[in-house]
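Work through the exercises below with the sequence and coordinates at hand. Each task is followed by a solution in steps.

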Amino acid sequence: FHPILQIEYHSFNQWSREVRALWKALVRDYLQTGRKVMFDGTILQHTIGFLLERDIFEEDIMTYAKQVPIIIAPLEPMLIYLTIGDIERHIRNLYRMRPMSWKNKIDGYIQRTPFGQKRQISGLDGYSLFAQSYKKLCDQLFKYYDFRKLEIDVSYAQWSFYENMVLDFVEPWL
């Protein structure tokens, strides 16, 4: 069960109502069963990124995103936020390291979103603009969210070290 990807997007208000109802149903289900829940990208990527791609006003995105912690609070959530210090440099590195098929996929994707169409952006610069806007929103929400959280800057690709940080963080929960 994924609370966000269960519905089609028609309008922001309808989407927001339906997603909040799905969050509430998910919380009820997990509280009744006593099972623990771990989300992968649901709080930020599948919501904030989804809404930003559709060029929803930042104020509306933030209003919605600030309601989610209230709904899921009974689950005693934790948030592990993988971030990158210099997002533009990181994206430039990705463009250098990845195959042309990946670059074409990203370029075409951003160009087809309402976010890209409104700004008439594409390519590396377009993807960088989107990623910077997305990171800005996520950084604000990470600071706002009042549950147990861990921020890891993954700029240096020290994956064994990051994995140990995550394990130490979640171990009391397991």
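**Exercise 1. The second largest pocket**

State how much space lies in the second largest pocket of this predicted model, and describe its lining.

Solution.
- Step 1. The volume of the second largest pocket is about 230 Å³.
- Step 2. Its lining includes Ile84, Asp86, Arg89, His90, Asn93 and Trp159.
- Step 3. Sorted by character, the lining residues are six nonpolar, three polar and three charged.
- Step 4. Helix 4 (residues 87-97) supplies the largest share of the lining, with five residues.

**Exercise 2. Trp159**

Find which nonpolar surface patch Trp159 belongs to, and classify its exposure.

Solution.
- Step 1. Trp159 is placed in helix 8, which covers residues 159-170.
- Step 2. Together with Ile80 and Leu82, Trp159 makes a nonpolar surface patch of about 300 Å².
- Step 3. A residue counts as partly exposed between 20% and 50% relative accessible area. Trp159 has 48%, so it is partly exposed.
- Step 4. Trp159 is also one of the residues lining the second largest pocket.

**Exercise 3. Salt bridges of Asp55**

Determine which residues form salt bridges with Asp55, and what parts of the chain these pairs connect.

Solution.
- Step 1. The structure has eight salt bridges in total.
- Step 2. One of them pairs Lys118 with Asp55, with 3.4 Å between the closest N and O atoms. Lys118 belongs to helix 6 (residues 114-119) and Asp55 to the loop between helix 2 (45-53) and helix 3 (58-72), so this pair ties together parts 63 residues apart in sequence.
- Step 3. Asp55 also meets Arg119 in a salt bridge, at 2.8 Å from N to O. Here the loop between helix 2 and helix 3 is linked to helix 6 across 64 residues.
- Step 4. Lys118 is exposed at 59% relative accessible area, while Arg119 is partly exposed at 35%.

**Exercise 4. A salt bridge within one helix**

Locate Asp139 and Lys135, and decide for each whether it is buried, partly exposed or exposed.

Solution.
- Step 1. Both residues lie in helix 7 (residues 123-144), four residues apart, which is about one turn of the helix.
- Step 2. Their side chains form a salt bridge of 2.8 Å, N to O.
- Step 3. The cut-off for buried is under 20% relative accessible area. Lys135, with 17%, is therefore buried, whereas Asp139, with 22%, is partly exposed.
- Step 4. Elsewhere, salt bridges with shared partners join Asp55, Lys118 and Arg119 into one network.

Key
Residues numbered from 1 in each chain as written. Predicted model: local features only at pLDDT ≥ 70, side-chain atom pairs only at ≥ 80, totals over all residues. Heavy atoms only, no water. Patch = residues over 30% accessible without salt bridge, like charges linked within 9 Å, V, L, I, M, F, W, Y side chains within 5 Å. Areas by Shrake-Rupley, 256 points an atom, 1.4 Å probe, with all protein chains shown as cover. Salt bridge = Lys/Arg side-chain N within 4 Å of Asp/Glu carboxyl O. Helix = DSSP H or I, 4+ residues; strand = E, 2+ residues; numbered from the N terminus. Buried < 20%, exposed > 50% of the residue type's maximum accessible area, 1.4 Å probe, protein only. 1 Å grid on protein atoms, 1.4 Å probe; cavity = no way out; pocket = protein on both sides within 12 Å on 5 of 7 lines; lining within 4 Å. Points joined across faces, edges and corners; volume = space filled by probe spheres on them. Nonpolar A, V, L, I, M, F, W, Y, C, P; charged D, E, K, R; others polar.
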